[in-house]
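Subject: Structure for you to look at

Hello,

Here is the structure I said I would pass on. Please open it first and keep it beside you while you read the notes below.

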Amino acid sequence: MSSRRSRMRQAGVSRISEDQIADLVSKLQQLIPEIRNRRSDRVSASEVLQETCNYIKNLHREVDDLSDRLSQLLESIDSDSAQAAIIRSLLM
């Protein structure tokens with residue numbers, strides 16, 4: 001047994017089975033539009049993980065962009081208005 005595996009067992013770290021990994025990759029594949037919309041059913045796990053990372057990065061960019069746009073909108077309206085309160089709640 002490798003020393004790494006021994007340390008993992010001593011630390012109480014449980015291993016995840018290959019079936020569990022395959023199931024999780026399959027679930028990710030269904031969630032990511034770039035992969036879900038492909039004609040091919042066969043996608044490698046590494047490609048699914050890479051596309052997942054890209055998708056999350058894009059979502060972060062979109063959130064940042066929307067926050068910036070809401071902040072600009074908030075600056076352009078009366079700060080005591082109902083609209084301003086709604087925008088502030090979205091920014092929180």
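Thr52 touches Leu28 and Ile32, leaving aside residues up to four places away in sequence. This is a predicted model, so please read everything here as a description of a prediction. Thr52 is found in helix H4, which covers residues 45–75. Is Thr52 buried or exposed? Thr52 is buried, because its relative accessible area is 10% and buried means under 20%. The side chain of Thr52 also reaches the backbone oxygen of Val48, at 2.7 Å.

Ile32 can be looked at from its own side as well. Not counting residues up to four places away in sequence, Ile32 touches Glu51, Thr52 and Tyr55. Ile32 is also one of the five residues of the largest nonpolar core. The other members of that core are Val25, Ile35, Val43 and Val48. Val48 thus appears in two places in these notes: in the core, and as the residue whose backbone oxygen is reached by the side chain of Thr52.

Next, the chain as a whole. The protein chain has five helices and zero strands. Read from the N terminus, its elements run α-α-α-α-α. The chain has 92 residues, and buried residues make up 12% of them. Of the contacts between residues at least 6 apart in sequence, 5% join residues at least 24 apart. The chain exposes about 7900 Å², and carbon and sulfur atoms supply 51% of that area.

Now the charged pairs. Side chains of opposite charge can pair when their charged atoms come close. How many salt bridges does the structure hold? The structure holds four salt bridges, and three of them are described here, beginning with Arg38.

Arg38 forms a salt bridge with Glu47, with the closest N and O atoms 2.4 Å apart. The side chains of Arg38 and Glu51 meet in a salt bridge too, at 3.8 Å from N to O. Glu51 lies in helix H4 and Arg38 in the loop between helix H3 (33–36) and H4, so this pair ties together parts that are 13 residues apart in sequence. Arg38 counts as partly exposed, at 30% relative accessibility. Glu47 is likewise partly exposed, at 31%, whereas Glu51 counts as buried, at 17%. Glu51 has already come up above, as one of the residues that Ile32 touches.

Another salt bridge joins Asp65 and Arg69, where the closest N and O atoms are 3.8 Å apart. Both residues lie in helix H4, four residues apart, which is about one turn of the helix. Asp65 counts as partly exposed, at 39% relative accessibility. Which residues are joined into one network by salt bridges that share partners? They are Arg38, Glu47 and Glu51.

The surface has a nonpolar patch to look at. The patch is formed by Ile16, Ile21 and Leu24, and their accessible area together is about 250 Å². Ile21 lies in helix H2, which covers residues 18–31. Ile21 counts as partly exposed, because its relative accessibility is 40% and partly exposed covers the range between under 20% and over 50%.

Last, the C-terminal end. Gln83 lies in helix H5, residues 82–91. Gln83 is exposed, with a relative accessible area of 53%. Gln83 and Leu73 are 10 residues apart in sequence, and their C-alpha atoms are 9.7 Å apart in space. Met92 lies in the segment after H5. Met92 counts as exposed, at 81% relative accessibility. How far apart are the C-alpha atoms of Met92 and Ser67? They are separated by 9.8 Å, while the two residues are 25 apart along the chain.

If you want an order for going through the model, start at Thr52 and its contacts with Leu28 and Ile32. Then go to the network of Arg38, Glu47 and Glu51, and finish with the surface patch of Ile16, Ile21 and Leu24.

Regards

Notes
Residues numbered from 1 in each chain as written. Predicted model: local features only at pLDDT ≥ 70, side-chain atom pairs only at ≥ 80, totals over all residues. Heavy atoms only, no water. Patch = residues over 30% accessible without salt bridge, like charges linked within 9 Å, V, L, I, M, F, W, Y side chains within 5 Å. Areas by Shrake-Rupley, 256 points an atom, 1.4 Å probe, with all protein chains shown as cover. Helix = DSSP H or I, 4+ residues; strand = E, 2+ residues; numbered from the N terminus. Buried < 20%, exposed > 50% of the residue type's maximum accessible area, 1.4 Å probe, protein only. Core = buried A, V, L, I, M, F, W, Y, C linked by side-chain atoms within 4.5 Å. Contact = heavy atoms within 4.5 Å. Polar contact = N/O pair within 3.5 Å; in protein donor to acceptor, adjacent residues only side chain to side chain.
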